[in-house]
Each structure stands twice: as C-alpha cells, then as structure tokens.
Amino acid sequence: MFPLNGALNTEGDYISAFHHVLLPMLRCFKPEAYLSSYRPGSILATTIYRERKAKASKPMGLFGHMVRMLNEICPNRVIAVLEGGYYVTNYTEAASMMVRGLQGLPLPQLCIGKLSPAFKETIWNNLVHHAPRYPLLHQWLRKLQANQVTLKHGLLEYKPRPTLYLGKGMRELWEETKRTHAVRTREWFPELTRDEKKLCDEAIAAYVKTYNYTAPTEDPSEQFLMQQMTWTERSGVEAFAHSAPICLHFVHEFTDFLEGKRQSVMICDRELMPVNCFSISCASLFHNAPC
C-alpha cells in the first residue's frame, strides 16, 4: 500500500480520492456532523527541505477545497481541528485556506489531472474493499469495471494484486508503543537551519502569489473520473515503481531502529520504550538488537 501522505502525491490526487471514494461513502452514511483533523504544518516545509525544491507537492489551498466539499454535504456541521505546527509559516497559510473553505469564500484554483500511479491503485483497492458496505461505491465500482471491459481494445476487470508485506512486526510495535504510553510526539523532523527556513518562507510567499481566485475549480465529470481510473498492465508496473522507494524507506528505517542503528522512528523512541512491559512477541523483535 502506498502511503497516502507521500510527497509524490498531488493536490489533484486528493481531490480525486474525495470524488471516487469519500464523498459517495459519506452520502451513504449520512453523518450528522464531521470532526475533521487537519495537519498542515509540515507539508511544504519538509518537501522543500528534503528535495531542495521551491515547490509544494500539496499546496495549502488543498485544505480549503477538502473542507468545502465536506461542508457541502453536511452544511455548518463541520468541526475542524488543527494539529501539527512543524512550520509556522505554512501552518498559518493552510489554516487560513481551511477557514476560507468553511466560510464559502473563493479558493485558489486547483488542477485535477492524471492520477499518480500508486495513488490510482490505492483508490481501486479502497473501492473494492468498501463497495460491499456502501451502495453508491458499489454502483461506481461496477461502472468503472464496465468501463474497463468495454474500451476499444477491451481490458480485464481490476483485481487487487497479492500483498507483499515487508514490515513484519511494524504494526505490533506501533500498537504496543501506544498501549504502554511510550509515544514520542516531538522532533519528528530535524530542525531547519536559518538558510533552510528562509528558503521555505520565500517558496511559500512565491506560491501564495500564484493563487488564482477568479477561476473556480470545477468538479470533475463522471467521464473524466472514469478515464482517470483506466487500469492496464502498464498501470501496475508504474504503481509498483512509484511506491517501492518510499515503502522501502519506511521498512529500512524500522529495521535500523530494531537493530539499534536509529534512536527513534516516528512515534517510537528507544529511550522511552519499556521493552520489558511489551508482549512476548513484540519484545522478541528486539532480541537481536544491540543493548
């Protein structure tokens, strides 16, 4: 599975996921209110820091568009919670966009185009998994599958591929860390230097200047959404190539953590973890780790 918060995703990917999966699901569920947690603080800053590119992969305006769509389904009953705050400049801009979305004010135009390869596979897998429980998703999945087999050359219906899971023990350690309240909540990302902060601030300011409030972001048509989801043999190859690097990155970090080569990984910190209080199977993960 490709992480949905991967830096290679675009704003169009997330908006498309709303239309393909989340919005039909919510229309079936008919919630009385939404509690939406937004974590915008690190999106732009860490992207620039890691890739040294003065460009955002997930612009701040995205938060406004997402909360606007939620508010249209459940008007005036959206509870928005902000968390994170790793980088103040980006955090405040994203929060501003979110408030604009709640108030129904104009938002920067977003482009919705071709889906990132692994993100497309993730949407397909979500549809297949949830369709039996949500009638609208079931109807949409049937349309997409019919579109597969009725194209000019004919394609096979989509079927999830066998899962290759490389992070044995990762979920168990994660759950045990939460159960024992040994959660590391700060310093997930290295502190930026003065020059790096300047680069981030300049990039954010430059991006804000490109906002176009005059051209609305139109909802994609059904035909457009179908074309987005066309799945071929090449799609599978591209999805694997797209997701493998970041998935292996997480696996290597986890393995290095168990072997004592890293002090921490995400919420897990070796100094905080009472290994003697863990379950036997979870504690055994550290059996070969250096003391």
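F240 lies in helix α10, which covers residues 233–258. The model described here is predicted. With a relative accessible area of 52%, F240 is exposed, because the cut-off for that class is over 50%. The chain brings F240 together with P117 across a sequence separation of 123 residues. Their C-alpha atoms are 8.1 Å apart.

A second pair of residues distant in sequence involves Y134. This residue sits in the loop between α5 (117–130) and α6 (135–149). Its relative accessible area is 19%. Y134 therefore counts as buried, since the class takes values under 20%. The partner of Y134 is C28, 106 residues away along the chain. A distance of 6.3 Å separates the C-alpha atoms of Y134 and C28.

Helix packing was examined for α1 and α3. Two packed helices are described by the angle between their axes and the distance between the axes. Helix α1 spans residues 11–29, and helix α3 spans residues 61–73. Their axes come within 11 Å. The crossing angle is roughly 15°. That angle makes α1 roughly parallel to α3, because angles under 35 degrees fall in this class. The crossing of α1 past α3 is right-handed.

Helix α8 was considered next, for its length and its two sides. It comprises 16 residues, from 194 to 209. At 1.5 Å a residue, α8 should span 22 Å. The C-alpha atoms at its ends are 23 Å apart, which agrees with that expectation. Four residues of α8 are buried: E196, C200, A203 and I204. These four cover an arc of only 100° around the axis, so they lie on the same side of α8. The other side carries exposed residues, R194, D195, K198 and K209. Helix α8 thus has a side with buried E196, C200, A203 and I204, and another with exposed R194, D195, K198 and K209.

Cysteines were also inspected. The structure holds 0 disulfides. C74 has a relative accessibility of 1% and so counts as buried. C268 is buried as well, with a relative accessible area of 3%. In α8, C200 is among the buried residues.

Key. Residues are numbered from 1 along each chain as its sequence is written. This is a predicted model: local features need pLDDT of at least 70, side-chain atom pairs count only at pLDDT 80 or more; totals for chains, interfaces and linings use all residues. Side-chain values use heavy atoms; hydrogens and water are left out. The expected span of a helix is 1.5 Å times one less than its number of residues. Buried means under 20% relative accessible area, exposed over 50%, partly exposed in between (1.4 Å probe, protein chains only). The arc is that of the directions from the helix axis to the C-beta atoms. A disulfide is a pair of cysteine sulfur atoms within 2.5 Å. Axes are lines fitted to C-alpha atoms, for helices over the stretch in contact, and angles run from 0 to 180 degrees between N-to-C directions. Angles under 35 degrees count as roughly parallel, over 145 as roughly antiparallel, 65 to 115 as roughly perpendicular and the rest as oblique. A crossing is left-handed if the near helix is turned anticlockwise from the far one by less than a right angle, and right-handed if clockwise.
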